[in-house]
Amino acid sequence: MGKKLDNLKKIKKLKKLRFHHEGINTLAWGGIALVSVALLLYRLPESKVPFWIFMIIFGSVYAIVVNFFRCPRREFSSNDVEDLVIAPADGKVVVIEEVEETEYFHDRRLMISIFMSLFNVHANWFPVEGKVKFVHHQNGNYHKAWLPKASAENEHADIIITTPEGTDILCRQIAGAVARRIVTYAQPGEDCFIDEHLGFIKFGSRVDVYLPLGTQVLVKMGQSTVGDQTIIARLKQTPHAEETHS
């Protein structure tokens, strides 16, 4: 009976496993190439050593790519998200600091940065609910994503979201030393919701969220985050919002 339950759990887990459409071609052609070369090496009459070396090295690389393009089904556990900021990505918190934001707000903002390694899912979620106010893609360099200068100098896409309470939030997708393609699904004027994908970044990269001063930070440096699940901050309530709650 116990073995049957374990098998049922594995089947359910496989049913939940899906891959992001951004990676379908990469996974398909990569899989075909891997199998083709492996078959050729396996048929070599002299030795099976080249086959096993190839499978260990390139099989491991392919497994990392498969993990990278996973697209897990997620739903935030609460409907009360009015003042919450949810992690837009899987990864690790690498920056929590006040910075001078000079492109849009021209004032000081609280920046929380999440670095995504090759081993993280690279889908990006909307960190707050509201309306997409502005979307802009900026070409740039490809410094290592965890460096401070990456936020301003690397290729990036900026998405400004206005919450129902009128607070503007900037979410920045940043390319890294390996990542060379940022995909942004957000469109100006569209309503956006937590649980929806904001975009996708291929390979190691980073997402910055710029929040108003006075925002309560709910994560720590080095903390791991789960996109669309981890609460990273709580926005300071506006007078209008406080009246609504009272």
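A polar contact here is a pair of N or O atoms within 3.5 Å; within protein, one of them must be able to donate a hydrogen and the other to accept it, and residues adjacent in sequence count only if both atoms are side-chain atoms. D228 gives a good example, since its side chain reaches the backbone nitrogen of D195 at 3.0 Å. The model is predicted, so to speak of a local feature takes a pLDDT of at least 70, side-chain atom pairs count only at pLDDT 80 or more, and totals for chains, interfaces and linings use all residues. Residues are numbered from 1 along each chain as its sequence is written, and side-chain values use heavy atoms, with hydrogens and water left out.

Staying with D228, this residue is found in the loop between β13 (224-225) and β14. Its relative accessible area is 0%, so D228 is buried (buried means under 20% relative accessible area, exposed over 50%, partly exposed in between, with a 1.4 Å probe and protein chains only). Leaving aside residues up to four places away in sequence, D228 touches R74, E75, F76, I86, A87, W125, I194 and D195, where a contact means heavy atoms within 4.5 Å. With E75, the C-alpha atoms are 7.0 Å apart in space, although 153 residues separate the two in sequence.

Next come the strands, which are DSSP runs of E with at least two residues, numbered from the N terminus; two of them pair if DSSP finds at least two bridges between them. Strand β14 (residues 231-234) runs antiparallel to strand β1 (residues 84-86), joined by three bridges, and L84 has R234 as its bridge partner. Strand β12 (residues 216-217) also pairs with β14 in the antiparallel sense, over two bridges; here V217 is matched with A233.

Elsewhere, an open sheet of three antiparallel strands follows the order β4-β10-β8. Both β4 (123-125) and β8 (182-184) stand at the edges with a single partner strand each, so one side of each has no neighbour in the sheet. Within the sheet, β4 meets β10 (residues 197-201) through three antiparallel bridges, and A123 is bridged to F200.

Finally, what about the cysteines? The structure holds zero disulfides, a disulfide being a pair of cysteine sulfur atoms within 2.5 Å. For C171, the nearest cysteine sulfur is that of C192, 9.9 Å away. C171 counts as buried at 1% relative accessibility, and C192 counts as buried at 0%.

Methods
Helix = DSSP H or I, 4+ residues; strand = E, 2+ residues; numbered from the N terminus.
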